[in-house]
Amino acid sequence: MASLSDQLKGLVYSTEKGDLCPGCGEPVAECCCAQLEDEARLSKLDGIVRIRRETAGRKGKGVTTISGVPLPDAQLKQLTARLKKSCGTGGALKAGVIEIQGDHRDKLKQLLENEGFTVKLAGG
């Protein structure tokens, strides 16, 4: 991690260009940091979607997590909305991992296989 003085050195506003991205220094409208981050995430994937049930850190409440979906961020948000709607529960998209409240592994596996993904049930 950069030191505090390095973090404070970056220009974040210019009267010429307006708000600037702290990562690349370009105007926010022309920033490509999110696209580069999305491409880096996609390059690390192996093409297999993994579905698991997690309770750790959630006070015993079960959450179904879906990771490894090889879609760009915008399409991942749309997929999250469709999956939540079909399960009739809430959920979220956090750092490329879809979280669906409750245990819906079998239903989600069917839905994702119908969309053409290779799916594995992971964990116990």
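Q: Does cysteine 21 count as buried or exposed?
A: In this predicted model, a residue is called buried under 20% relative accessible area, exposed over 50% and partly exposed in between, using a 1.4 Å probe and protein chains only. The relative accessibility of cysteine 21 is 11%, so this residue counts as buried.

Q: Which conventions govern the residue numbers and the side-chain values, and what pLDDT do side-chain atom pairs need?
A: Residues are numbered from 1 along each chain as its sequence is written, and side-chain values use heavy atoms, with hydrogens and water left out. As this is a predicted model, totals for chains, interfaces and linings use all residues, whereas local features need pLDDT of at least 70 and side-chain atom pairs count only at pLDDT 80 or more.

Q: How many disulfides does the structure hold?
A: A disulfide is defined here as a pair of cysteine sulfur atoms within 2.5 Å. The cysteine sulfur closest to that of cysteine 21 belongs to cysteine 31 and lies 3.3 Å away, which is too far for a bond. Cysteine 24 is likewise in no disulfide, with the nearest cysteine sulfur, that of cysteine 33, 3.8 Å away. The number of disulfides in the structure is 0.

Q: What exposure class does cysteine 24 fall in?
A: The relative accessibility of cysteine 24 is 32%. This residue therefore counts as partly exposed.

Q: In which helix of the chain is confidence lowest?
A: The predictor's confidence in each residue, pLDDT, runs from 0 to 100; the chain averages 86, and 91% of the residues score at least 70. Confidence is highest in helix H4 (residues 105-114), with a mean of 94. Where pLDDT is low, the predicted coordinates should not be read in detail. The lowest confidence, at a mean of 69, is in residues 4-9, helix H1.

Q: What pattern of helices and strands does the chain follow?
A: Helices (H or I, at least four residues) and strands (E, at least two) are DSSP runs numbered from the N terminus. The chain has 4 helices and 7 strands. Read along the sequence, their order is α-β-β-α-β-β-α-β-β-α-β.

Q: Why is the chain described as more spread out than a compact globule, and what is its radius of gyration?
A: The C-alpha trace spans about 55 × 35 × 25 Å along its principal axes. The globule rule, 2.2 Å times the number of residues to the power 0.38, is compared with a radius of gyration taken over C-alpha atoms. For 124 residues the rule gives 14 Å, and the chain is more spread out than a compact globule because its radius of gyration is well over that value, at 19 Å.

Q: Which element gives the largest share of the largest nonpolar core?
A: A nonpolar core is a set of buried Ala, Val, Leu, Ile, Met, Phe, Trp, Tyr and Cys residues joined through side-chain atoms within 4.5 Å. The largest one has 15 residues, and those touching the most other members include Ile66, Leu83 and Leu112. Two or more residues come from each of strand E3 (48-54), helix H3 (73-87), strand E6 (97-101) and H4. The largest share, 4 residues, comes from H3.

Q: Which residue of E6 stands opposite isoleucine 66?
A: In strand E4 (residues 63-67), 5 of 5 residues are buried; Thr64 and Ile66 point one way, and Val63, Thr65 and Ser67 the other. Strands pair if DSSP finds at least two bridges between them; E4 runs antiparallel to E3 over 5 bridges and antiparallel to E6 over 3 bridges. In contact terms (heavy atoms within 4.5 Å), isoleucine 66 touches residues including Val49, Leu83 and Leu108, not counting those up to four places away in sequence. The E6 residue opposite isoleucine 66 is isoleucine 98.

Q: Which residue takes a positive phi in the hairpin of E5 and E6?
A: Strand E5 (residues 91-94) pairs with E6 in the antiparallel sense over 4 bridges, and lysine 94 stands opposite valine 97. The hairpin has 2 residues between the strands, and the positive phi, near 55 degrees, belongs to alanine 95.

Q: Which residues does histidine 104 contact beyond its neighbours within four places in sequence?
A: Histidine 104 lies in the loop between E6 and H4. Its relative accessible area is 18%, so histidine 104 is buried. Leaving aside those neighbours, its contacts are Thr64, Cys87 and Thr89.
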